[in-house]
Structure formats: C-alpha cells, structure tokens
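Colleague: Please take a close look at one helix pair in this model and describe it in one connected answer. Put it in the context of the whole assembly first.

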2 protein chains.
Amino acid sequence: MKDEQVSRRGIPEATVARLPVYLRALGALAERDTTTVSSEELAVAAGVNSAKLRKDLSHLGSYGVRGVGYDVDYLVYQISRELGLTQDWPVAIVGIGNLGHALAGYAGFATRGFEVVALFDTDPRVVGETVAGLPVLPLDDLEEVSARRPISIGVVATPAGPAQQVCDRLVAAGVRSVLNFAPCVLNVPDDVDVRKVDLSTELQILAFHEQRKALASGAALDAASLATRTLAAGGDA
Amino acid sequence: MKDEQVSRRGIPEATVARLPVYLRALGALAERDTTTVSSEELAVAAGVNSAKLRKDLSHLGSYGVRGVGYDVDYLVYQISRELGLTQDWPVAIVGIGNLGHALAGYAGFATRGFEVVALFDTDPRVVGETVAGLPVLPLDDLEEVSARRPISIGVVATPAGPAQQVCDRLVAAGVRSVLNFAPCVLNVPDDVDVRKVDLSTELQILAFHEQRKALASGAALDAASLATRTLAAGGDA
DNA sequence: TAGATTGTTAATCGATTAACAATC
DNA sequence: TAGATTGTTAATCGATTAACAATC
C-alpha cells in the first residue's frame, strides 16, 4: 500500500513527457476499432522501445493482461486521467500576432482537455478583432478577466522584449503554468512551471547534426580519395 | 591529440540542446556591450547551474581564461561554429496554412544560419500566393526545386494525415533534417534526423503538473481541515 | 497445458553537480 | 603575490534496456 502510493506520486519526468505520445498512438488505434494492443505494437506506433513503454506504463499501475496486452479504451482513460485531461483547463493566449493567430485557431486546443478562454494583446490595431470566435482583449483586462474566471495555463506568444513582463502579470494573476513561445528565458517563482517551444533552438540542433553529417561524408570522401591515390601510387605509403 | 579528437567528436546530446540557449544569452550580453562574462553570470542568464555550463563549454575546448571568464564575442563565434551556423542552411516549408504562414514570416529564420528558400502546398487556393516575399509552389515542384538547389532542412507544417507522405518525398529529394510540426510520429531512415515541435504534448505535460499542484493544495487543505477538526476535538485522535 | 505477453529486476549508460586543484 | 574563476574529477542521480519470472 505504501509502495503503491510512493510509485503513484513519483512518475519520472521522462515518462510524463512520453504519455502524450502514447495517448496519440492509442487514439489512432481506437479510430481503427482496435480493442487490444500489445506493448510491442504500441511501442512501434509511438516510436519507442517496448521495454521502455512497459516500464512507463508500470508507473501508472498494472493495466495490462499478461499473454493478452492492453485494452485500448481503458488505457486511453487511465493515461488521460493521469495527465489531468478528464477536466478542461482554461487557457489564455497573450500576443495575437502571426503565431498567436495560428495558436488560437489550432485544433490541438479543441482536443479534450483544454479550452481557450481569452486572447490578449496590447496593439490597438489588433485589440477588438475577433480571432477563432473570441474577441482580442486589451492586456490591461487580464486581471479582471482572470478574477472572474481563473486561467490555468498562460501562453506567451509575444516578442522577447515584453515576454518577461507579460509572464510576471500572468503569474500575479494566479497562472501557475506557462507555455513560452518567446525566444527568451522566463524567470518565475518555484511553484510555476514554464515549458518552452523554440523554433530557432530546434533549427540550430538540426544544423549541428547536419554539419556533422556533411563532415562525416566529407571525411569519407577524403578517405576514399586517399585510398584511390594510394592505390594509384601502387603502394601502402 | 587522440583524446582531443575523441572529445571533439562526442559532444553529449544534452549539451548540444543547450548551446542555442547560451548563444542567445551571449547575444543579449553583446548587445549591451559586455565584453567578458563569468560562467556564473552566463549561467544565470541562461537559467542553468554554472557547473553545468562550464562542463558544457569544456566539450568545445578551453575558451575561457581562469580568473577572468569568457570573451563574449569569441564564445559566440566558437558556439556558432560548433552548431554549424557560420554557413547558411537552406530551409523549405511544406504546408502554408496558419502555422506555415507564421513560420515563413518568423524572424528566427532571418537569424544568421538559415534561409527559407521555398514554400510548398497542395491547396490550389494557396499555391501562387506570395508569403513573406516567396511564392507558394505546388508540392509537385519539390523534386525539381531541390534538384536545382539542395534543401538541407525540411519543415513539415501540414496536418497529421499527409505528414508521413510529405516527409517521404522530402527524404527522397535528399533532405536529411526534418522539423515536424504535425501531430504524429514520422518514420525516417537512420541517416535522417527528425525533431518534433508539439503544442498539445507541451500542454498535456503542463496539465499533468497543474493537476499535481491542485491535488497537493487539496491535500494540504485536507490536512489543515483535519488538523482543525482534531484541535477542535481537543485530542490526538 | 502451451503459448504469449506483461511487469519487474538488475545491469548499463548518460547527465548532473559539488568540490577543488590548476592557473590567469 | 592575492583574488578570482576556469576546467576537471568523482560521486550521485535518473533513464534506458535486455532478460526473464510471473501469470493470463
């Protein structure tokens, strides 16, 4: 009993980050009317190794049946519950530029679990517009709006300049989870979670590997041409 | 000499993922005309611990001066070189919907290191439009365009449905680095890198922690009310 | 029972971090 | 030289994975 409690609480961060991937793969299986899935099949669909998948799921409890596999619907429910998706989290987006527009219209929010409840901007040319069925409000309304209906997740889609200030206001208004699209580090109190989505970081990581591949094939070419030259010289110089 | 080569090649993946963050922090310092920075200062700006920062930088070489710190410009150059940003990588974006529009216009691409060279879509209503100064081409032009000018990085900004097919075509056209915004797993050969940017995964991870906080404060409230009741009962029941 | 597949163990690997000798 | 800060060591921690006993 104590053990169970302990394991229930301490789900490794790496496991939490993979649960959404499993959930998506299970959703696709459910749509194809698959009722049961083995760890091996689900692992392939999610792009992970099956031992890792079983270890991850074991942190949630024993929801599989030996010799049979996992019931798709039941596992969807258990993962959803663990991730907190059996309730709707109210989301506010600050910064309705190109990206904010795209985010407001993103179907991913419509997925069970989230509801966009408010859009904010400071630009008078944007305030008052209707985006994805919601009016864009002046940022100065943030405190009033959040007092009336608490915001669980704040999305920062502003430029880097005002991002920290916007974040501070969100936190002051009671937001304890922030999704940051601005290209900068946000400083927040310990009880606030920030996750960062950063296009240019991702591109730079790809560039690093791209360069390594170019160097590797360049080195291979060098080795090949060296071998050719060595052969042409007819020796083992 | 051999040791140096070995350490040069094997930069840990976790370190590579942080180099862009250091680069950004250094850029901000350079703008404020800071010429020298200590590992402690830079670590704070980047939001990491200074031992980790020094360890990360040590994988690139010995670019600091004991007792003094790091020269900002020199470190910017060394990290840029390591990440492969001293050349421009040609980028193509496939899928010019809301998100594709935002990506094409994103200033992050303009950052030294990347150049958007082509935009593709299949929707006849979008093809022919000019977005961020580039014409949107029919996806069927992909092979011809990439034959004329190789594409290093392909950005998949389509819905999940066609994403795998689009990815297969990119790979067949010689693309070996893919940035995937579609909410699905992409299967690629071993020599192709895929990185994934996934809004709903990030939201779900935030929801998990948000729920844990709610449960924790709920539990705290329960404990408090239990304590109150226990006190009211005047005992240690 | 025989076959299949889970849940868990234990070994391995990689990342983090405090501490400090080296050295500017 | 005295003070400051790097680069590295070594201990610790967490994540991954193969293997297999448990069990449907």
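Modeller: Copies are superposed by least squares on the C-alpha atoms of residues with pLDDT of at least 70 in both. In this predicted model, a turn of 180° with a shift of 0.0 Å along the axis lays chain A on chain B at an RMSD of 0.0 Å. The two copies are therefore related as by a two-fold rotation axis. Both use the same surface, since 98% of the contact residues of chain A (heavy atoms within 4.5 Å) recur in chain B.

Within chain A, the pair is helix α2 (residues 13-31) and helix α5 (residues 72-83); helices are DSSP runs of H or I, at least four residues, and strands runs of E, at least two, numbered from the N terminus. Their axes come within 10 Å and cross at roughly 150° (lines fitted to C-alpha atoms over the stretch in contact, with angles from 0 to 180 degrees between N-to-C directions). α2(A) is therefore roughly antiparallel to α5(A), a term for angles over 145 degrees. The crossing is left-handed, the near helix being turned anticlockwise from the far one by less than a right angle.

From α2(A), A:Val16, A:Leu19, A:Pro20, A:Tyr22, A:Leu23, A:Leu26 and A:Ala30 meet A:Val72, A:Asp73, A:Leu75, A:Val76, A:Ile79, A:Ser80, A:Glu82 and A:Leu83 of α5(A). By class, this contact has 12 nonpolar, one polar and two charged residues (Ala, Val, Leu, Ile, Met, Phe, Trp, Tyr, Cys and Pro are nonpolar; Asp, Glu, Lys and Arg charged; the others, Gly among them, polar).

Local features need pLDDT of at least 70, and side-chain atom pairs pLDDT 80 or more, whereas totals for chains, interfaces and linings use all residues; side-chain values use heavy atoms, without hydrogens and water. Residues are numbered from 1 along each chain as its sequence is written, and chains are lettered from A and ligands numbered from 1 in the order written.

Conventions. Parallel < 35°, antiparallel > 145°, perpendicular 65-115°, else oblique.
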